[in-house]
Amino acid sequence: MKFTGLELRRVAMPLVAPFRTSMGTEYERDVLLVRAVADEAEGWGECVAMSEPGYSAEYVDGAADVIRRFLSPALAALPAVDAHLAEPVFAKVKGHPMAKAAIQTALLDAQLRVAGLSFGEFLGAVRTAVPAGVSVGIMDSIPQLIDAVARYLDAGYLRIKLKIEPGWDVEPVRAVRERFGDVLLQVDANCAYTLQDARQLAGLDPFDLLLIEQPLPEDDIRGHAELARRLRTPMCLDESITSARAAADAIAWGAAAIVNIKPGRVGGYLEARRVHDVCAANGVPVWAGGMLETGLGRAANVALAALPGFTLPGDTSASDRYYATDITRPFRLEDGHVRVPTGPGLGVDPDPDALAAATTGTEWLAW
Ligand code: SMG
Ligand code: MG
């Protein structure tokens, strides 16, 4: 199979409700899609970079730029392209894992469609559906939060994750515990604390949380290890886990008892599977993170979440948690689970009308 180029496509996806975190508020996702075109098939990849560099250093215009100027030309210069061959070429460009992951996913999707294999089969899925959690943003008031959590539990979500920041941590957790009893509950701080806040964060210990996710800055592995020693709540890393090696190191240093896996953060599904394998070898549970993906990104995340080491519910919510109209057939909650697609490649296709309606621009990068 011969790839002839990449299409970059920007789609505007308004969120059904604003999503507030310690990093700011998202109202709409400005999604960069990559379509890899080959003689026998085409494939899609979704870039999970946000509009601004708040979650990590990447942002969507930067991702498009590095693809256009460096990643696509490097692939065009190869005698043959496939998802595995692209990895060492991408390694020469520092950083930009989300941009790399989007291309790798598009290449893999096309290859797997030709091979007649689903993402789940390729990655090693052992489940046909995965338990769904939901990530609940910071609200203006506790009653508003209780309303939101009640709606998600009614819908069937099996685990609640509360976004926290200084000033919005122990009280919302206490309120949700008191109101909803022993639901599976965890928190995510997106780097908003310092080690000085250890005592405040220890205030979460009585509430039997599954985990606390990324309380300290991305590069503070030692701080997370120290904080882990001072808390009873298990420490989970998200932003800090940028590769399988980073996962091995964080585990060895006692900074991660649990790991959130996001393919975009580690450069793609091939490395995401290695992160899974390293964690499994160390007996460290993993779960699938989310970046407010459309159905295209969700399809691959749900397939990954079906691997054996994913023993905790992921941020793999149904389409209607995010978007009124998804660009693929919607992922639905069935008994608290989301079904793993079984068709070749991602197993979902963009709906031509929905895709056209959401598209704000396209660009063709010929090889
Ligand atoms: O996709 O359900 C989702 C969002 C899950 O909270 C979520 N993601 O740090 O884990 C995280 C955040 C990153 C995106 S916030 C804009
Ligand atoms: Mg997180």
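A polar contact is taken here as a pair of N or O atoms within 3.5 Å. In the predicted model, a polar side-chain atom of Lys161 meets this criterion, lying 3.0 Å from an oxygen atom of ligand 1. A second side chain, that of Tyr322, places a polar atom 2.6 Å from an oxygen atom of ligand 1. The backbone also takes part, with a polar backbone atom of Gly290 found 3.0 Å from a nitrogen atom of ligand 1. Taken alone, ligand 1 exposes 440 Å², and 99% of that area is buried by the protein. The shell around the ligand comprises 19 residues, of which Ser135, Asn190, Lys262, Leu292 and Tyr322 are the closest. By class, nine residues of this shell are charged, seven are nonpolar and three are polar.

Enclosed and open spaces in the protein were examined next. Rolling a probe the size of a water molecule over the atoms shows where empty space is left. Two cavities of 30 Å³ or more were found. The largest cavity has a volume of about 140 Å³. Its lining is made up of 20 residues, and those closest to the centre of the cavity are Glu46, Val48, Tyr269, Gly297 and Asn301. Four elements each give two or more residues to this lining, namely strand 3 (42-47), helix 3 (97-115), helix 10 (263-266) and helix 12 (295-304). The greatest contribution is that of helix 12, which supplies four residues. In composition, the lining of the largest cavity includes ten nonpolar, seven polar and three charged residues.

The second largest cavity holds about 30 Å³ of space. It is lined by Val130, Pro131, Trp287, Ala288, Ala305, Phe310, Leu312, Pro313 and Gly314. Strand 4 (129-131) and strand 11 (286-288) are the elements that give two or more residues to this lining. Eight of the lining residues are nonpolar and one is polar, while no charged residue is present. In the lining of the largest cavity, by contrast, three charged residues are found.

Among the open spaces, the largest pocket has a volume of about 560 Å³. Of the 26 residues that line this pocket, Ala17, Pro18, Met139, Arg151 and Tyr152 are the closest to its centre. Two or more lining residues come from each of strand 1 (3-21), strand 5 (133-136) and helix 5 (142-155). The lining of the largest pocket divides by class into 15 nonpolar, six charged and five polar residues.

Backbone geometry was considered at individual positions. Most residues other than glycine have a negative phi. Cys191, although not a glycine, has a positive phi of about 70 degrees. This residue is placed in the loop between strand 7 (184-188) and helix 7 (198-202). Its relative accessibility is 23%, and Cys191 therefore counts as partly exposed, given that the buried class is confined to values under 20% and the exposed class to values over 50%. A positive phi, of about 50 degrees, is also found at Asp208, likewise not a glycine. Asp208 belongs to the loop between helix 7 and strand 8 (212-213). With a relative accessible area of 57%, Asp208 is classed as exposed.

Thr325 is located in the loop between helix 12 and strand 12 (337-339). Because its relative accessibility is 58%, Thr325 is assigned to the exposed class. The C-alpha atoms of Thr325 and Ala354 are 7.4 Å apart in space, whereas the two residues are separated by 29 residues in sequence. Helix 12, which precedes the loop of Thr325, is also the element that gives the most to the lining of the largest cavity.

A contrasting level of exposure is found at His224, a residue of helix 8 (residues 221-230). The relative accessible area of His224 is 0%, and the residue is therefore buried. A polar atom of the His224 side chain lies 3.0 Å from the backbone nitrogen of Leu216.

Notes
Residues numbered from 1 in each chain as written. Chains lettered and ligands numbered in written order. Predicted model: local features only at pLDDT ≥ 70, side-chain atom pairs only at ≥ 80, totals over all residues. Heavy atoms only, no water. Near = heavy atom within 4 Å. Polar contact = N/O pair within 3.5 Å; in protein donor to acceptor, adjacent residues only side chain to side chain. Areas by Shrake-Rupley, 256 points an atom, 1.4 Å probe, with all protein chains shown as cover. Nonpolar A, V, L, I, M, F, W, Y, C, P; charged D, E, K, R; others polar. 1 Å grid on protein atoms, 1.4 Å probe; cavity = no way out; pocket = protein on both sides within 12 Å on 5 of 7 lines; lining within 4 Å. Points joined across faces, edges and corners; volume = space filled by probe spheres on them. Buried < 20%, exposed > 50% of the residue type's maximum accessible area, 1.4 Å probe, protein only.
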